[in-house]
Each structure stands twice: as C-alpha cells, then as structure tokens.
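Good morning, and thank you for the time on the agenda. I should like to take you through one fold, beginning with its sheet and moving outward to the helices.

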Amino acid sequence: EGGEAAAPPRIRTLIVDDSAMMRRLLRGILAAEPRFEVVGEAADGVEALAALRALAPDLTLLDLEMPRLDGMGFLAEWALTGPGAVLVVSSAAQPGSAAALEVLRRGAWGAVAKPSGALSPDLAARAGEAILAAARQAAGG
C-alpha cells in the first residue's frame, strides 16, 4: 500500500423529479463534484420508493410536485423506513415557506430552490452551487 489517503466514500445519490430535463440538469450539477455518484433516477414518488428500496442511496434529491405520489407523500413513506438523507429541490419549497417548513417536519434535511425560468447557464450555475453546497451538507460533509 502506497501511503495514499483513502478517497472519501462516494455519496450514492438518487434524483427524483418528474421532469427529464431537470433530472439531467441535476445530474450535471452533481457531476461537477466527484464524490457524488448518481445511482438512480425516478419520475415520481412511486418509482422513487421502489428505487429507494433497491438502491439504498445515501442522499435523495426530491422534487415536491409530481404525479402519482408527490414529494410530501414520498417523505411520509421514507420517514418510516427510508435510508439516507433527503434534500428537497423544488420551486414549491422556497426558504421559509409553509412547504419548506413541512418538509423539515417530515424529516428532510432541508430544501433548496430548483433552477426556474429560462435556464440560462448563469442561472443553472448559481442554483447549482446552492444545490451542491446543500447536498454536501445533507450527506454529512
């Protein structure tokens, strides 16, 4: 063994959003940091719960507004048996809003606003920094 420090463990991440474009954007944001490994994606809460059981991610990035089972419904199930931390990434959970307070009450680590409006690279970069910082903290480092 050549005295190198072990690399920090990968943060196995599940992305849950009904928008394929937003899932792709979040995947791109996480790709900027080698510690994050996206292990799965889901388009709604039902798919997300199945992925949670199959993949046991360290971190789940969760949208709130989705068909079939929304983010609040997912959190209710996750709180009972779910592994890892949940970071809500949603335009519906602005800091200090009722939705943001509710996701905290349901056990989520926190909530950050997702990039919204016309996705300029600048906007994606600014939102991406906030998402990455929150994801690092939610995953414990």
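**The sheet and what packs on it**

The centre of my talk is an open sheet of 5 strands in the order 2-1-3-4-5, with parallel pairing. Strand 2 (36-42) and strand 5 (110-112) stand at the edges with a single partner strand each, so one side of each is left without a neighbour in the sheet. From one strand to the next, the twist averages 25°.

A word on the basis of these statements. This is a predicted model, in which local features need pLDDT of at least 70 and side-chain atom pairs count only at pLDDT 80 or more, while totals for chains, interfaces and linings use all residues. Residues are numbered from 1 along each chain as its sequence is written, and side-chain values use heavy atoms, with hydrogens and water left out. Helices (H or I, at least four residues) and strands (E, at least two) are DSSP runs, numbered from the N terminus. Two strands pair if DSSP finds at least two bridges between them. Strands of a sheet pair through backbone hydrogen bonds, either parallel or antiparallel.

Let me begin with strand 1. Strand 1 (residues 11-16) pairs with strand 2 in the parallel sense over 6 bridges. Thr13 has Val38 in strand 2 as its bridge partner, and Ile15 stands opposite Glu41 in strand 2. The chain crosses from strand 1 through helix 1 (residues 20-31) to strand 2, and this β-α-β crossover is right-handed; the term applies if, with the strands pointing away from the viewer, the path from the first strand over the helix to the second runs clockwise. Strand 1 also pairs with strand 3 in the parallel sense, over 4 bridges, and here Val16 stands opposite Leu62 in strand 3. How well covered is strand 1? It is mostly covered, with 5 of its 6 residues buried, where buried means under 20% relative accessible area, exposed over 50%, and partly exposed in between (1.4 Å probe, protein chains only).

I turn to helix 1. Its 12 residues reach 16 Å from the first C-alpha to the last, close to the 16 Å expected at 1.5 Å a residue; the expected span is 1.5 Å times one less than the number of residues. Met22, Arg23, Leu25, Leu26, Ile29 and Leu30 are the buried residues of helix 1. Seen down the helix axis, they fall within an arc of 160°, so they line one face of helix 1; the arc is that of the directions from the helix axis to the C-beta atoms. Arg24 and Ala31 are exposed on the other side of helix 1.

Helix 2 (residues 45-55) lies across strand 1, strand 2 and strand 3 (59-62), running at about 165° to strand 1. Helix 3 (residues 71-81) packs on the sheet, touching strand 3 and strand 4 (85-89), and its direction makes about 175° with that of strand 4. Axes are lines fitted to C-alpha atoms, for helices over the stretch in contact, and angles run from 0 to 180 degrees between N-to-C directions. Contact means heavy atoms within 4.5 Å.

Which residues of helix 2 are buried? They are Gly45, Ala48, Leu49, Ala51 and Leu52. Viewed down the axis of helix 2, these residues fall within an arc of 165°, so they line one face of the helix. They pack against strand 1, strand 2, strand 3 and helix 3, whereas Arg53 and Ala54, on the other side of helix 2, are exposed.

Next comes strand 4. Both of its faces are covered: Ala85, Leu87 and Val89 on one side and Val86 and Val88 on the other are all buried. Strand 3 and strand 4 run parallel and are joined by 4 bridges, with Ala85 in strand 4 as the bridge partner of Leu59. The chain passes from strand 3 through helix 3 to strand 4 in a right-handed β-α-β crossover. On to strand 5, 3 bridges join it to strand 4, again in parallel, and Val88 stands opposite Ala111 in strand 5. Strand 4, helix 4 (residues 98-105) and strand 5 make a right-handed β-α-β unit.

I close with one residue, Asp63, found in the loop between strand 3 and helix 3. At 3% relative accessibility, Asp63 counts as buried. Not counting residues up to four places away in sequence, Asp63 touches Val16, Asp17, Asp18, Gly71, Val89, Ser90 and Lys114.
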